[in-house]
Amino acid sequence: MPAIKMYNTMSRSVEDFKPIKPPSVGIYACGPTVYFYAHVGNMRAYVFEDVLRRALAHEGYLVTHVMNLTDVGHLASDADTGEDKLRSEATKEHKTMAQIADYYTKAFIDDISKLNILMPTRIVKASDHINDMLALIESLDSKGYIYQIKDANAGWYFDTSKFKDYGKLSGHTFAELNSTQQAGARVDRPSGLKNITDFAVWRLADESVKEMVWDSKFGRGFPGWHIECSAMSMKYLGNTFDIHCGGIDHIPIHHTNEIAQSESATGSKFVNYWFHVNFLTVNGEKMSKSKGNIYSMDDIAKKGYTPIAYRYFLLTSHYRSQQNFTFDALTNSQNTLNSIYAVVQKLSKVSSKFSKSDKSTIEYAENCRVKFFSAISNDFNTPEAIAAMHDLLSKSAGLVENSDIGVDAASGVLNVLMDFDSVLGIGLDNYTKARELPEGAAELIKERDSARGLKDFAKADQLRKELEEKFGIIIEDSNEGTHWYFKAK
Ligand code: AMP
Ligand code: ZN
């Protein structure tokens, strides 16, 4: 199998992936702030992080995937207003922050499970790691990287002028980021800030703040957002680790600040590969809560789409391109997914022992396997990989149609399809076992057959509808007779 090549935001180029301690690979992914349901745009980042993980595992790497949950609130949760959304949600709902965080954490875990995202090896809560963050802040303090501001935005701030190459991840210099033009755009910054790009590592809280607040040598308060991810990633993956992930919106500030803090504290390179997923858009605009153009996983389920149809939709675009969300596209994905499941079920039902073309069928499948994994290992090119899968699917659908495939060739094709699915995660294995017809379905199929025999097509159509609505069974008529299969669950 080909070695993995991946785009690294830091070098702005596709590089050969070389882990620090093969076969181990450490991946850190920025998780959600749990104050609301994640929207399907957020899910784009998590699905591709899952593909990254699965692709590495497929090549034999042992992946440790760490994801954080921001449950302490933070003042960057709304870049425009600086509002702490978790704190305000708790006040609005008359709940504690912990209750809000708990509720949305469960909803998040539920969503990612439905999307067939493998559970991260560790899901870590910010509130459980305050001491790790304080230790990191102490180390920054002892090296002279932080200073105190005592006004309304009281707290401890990182002096970005002291970090060499601040801004390198987004390809900017410290001077550019602190230009007068930038100063004009960032009027909301606290007075006393030495540089526009400086950011809080610890915010002091007044007595009115009762929850998610900690005593520390820096005063009573709570952590800045960026320090969370620096502390938790290094705790579980080491001072230098392999891959750090997130959406592209995290490049200029969140990840840039993580690098500055982590490298200043340890003196070592923080991360070797930066993996960033581009935006899901609606009418060309980023899907985001503040724009009001969001859909949750629940919203799309209510419209009758399966979560895996959404996952499939995501896989049809490369993770570094923008992808526009429309319900028409989702409908297409759902239909395509149903037809993929149909072919898998047909292959599982093949019973003839042998066909002359079996040898070439197996060769064809192996060829598709090579194409598929070359695409995946070339910076996780899922659209190209999916094209290779469809090649194999349509070839085998044709063979089944013509009864030109034996059991061994069919199971060879299925084996290759399952290999694809170990990376795509679209649930093909749910359709490989020839499932029994549910009670009552066989009678309806028979009834429909006789209606067709009697050329009562209206009745046949009505029975076809009934089978689909009641049992999720799709009927297909061909020269060979009537076939049935289950559609996506
Ligand atoms: P947040 O809770 O805003 O930090 O977002 C959680 C993850 O989703 C981060 O990795 C974001 O970069 C990512 N994200 C947010 N909005 C979108 C979007 N519209 N498309 C893709 N990823 C997004
Ligand atoms: Zn983060």
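Residues 24 or more positions apart in sequence make up 74% of the contacts in the chain that have a separation of 6 or more, where contact means heavy atoms within 4.5 Å. The model is predicted, so local features need pLDDT of at least 70 and side-chain atom pairs count only at pLDDT 80 or more, while totals for chains, interfaces and linings use all residues. Residues are numbered from 1 along each chain as its sequence is written, chains are lettered from A and ligands numbered from 1 in the order in which they are written, and side-chain values use heavy atoms, with hydrogens and water left out.

**Overall build**

- The chain contains 16 helices and 16 strands, which are DSSP runs numbered from the N terminus, with helices being H or I of at least four residues and strands E of at least two.
- The C-alpha trace spans about 85 × 50 × 40 Å along its principal axes, and 53% of the 489 residues count as buried (under 20% relative accessible area, with exposed over 50% and partly exposed in between, for a 1.4 Å probe and protein chains only).

**Domains**

- The chain is divided into domain 1 (7-277), domain 2 (297-431) and domain 3 (441-486), with bounds that come from an automatic or database domain assignment.
- The centres of domain 2 and domain 3, taken over C-alpha atoms, are separated by 25 Å, and the contact between them takes nine residues from domain 2 and six residues from domain 3.

**The zinc site**

- The zinc ion (ligand 2) has C30 (SG), C229 (SG) and H254 (NE2) as its protein donors, at 2.0 to 2.2 Å from the ion; donors are N, O and S atoms within 2.8 Å of the metal (3.2 Å for Na, K and Ca), and water is not among the atoms, so sites may look incomplete.
- In sequence, these donor residues follow the spacing C-x198-C-x24-H.
- Because C30 lies in the loop between β3 (24-29) and α1 (40-58), whereas H254 belongs to helix α8 (residues 251-266), the pair ties together parts that are 224 residues apart in sequence.
- C30 is buried, with a relative accessible area of 5%, and H254 is also buried, with a relative accessible area of 1%.

**H250**

- H250 is located in the loop between β10 (241-247) and α8, and with a relative accessibility of 16% H250 counts as buried.
- Leaving aside residues up to four places away in sequence, H250 touches the zinc donor C30, as well as W225, H255 and T256.
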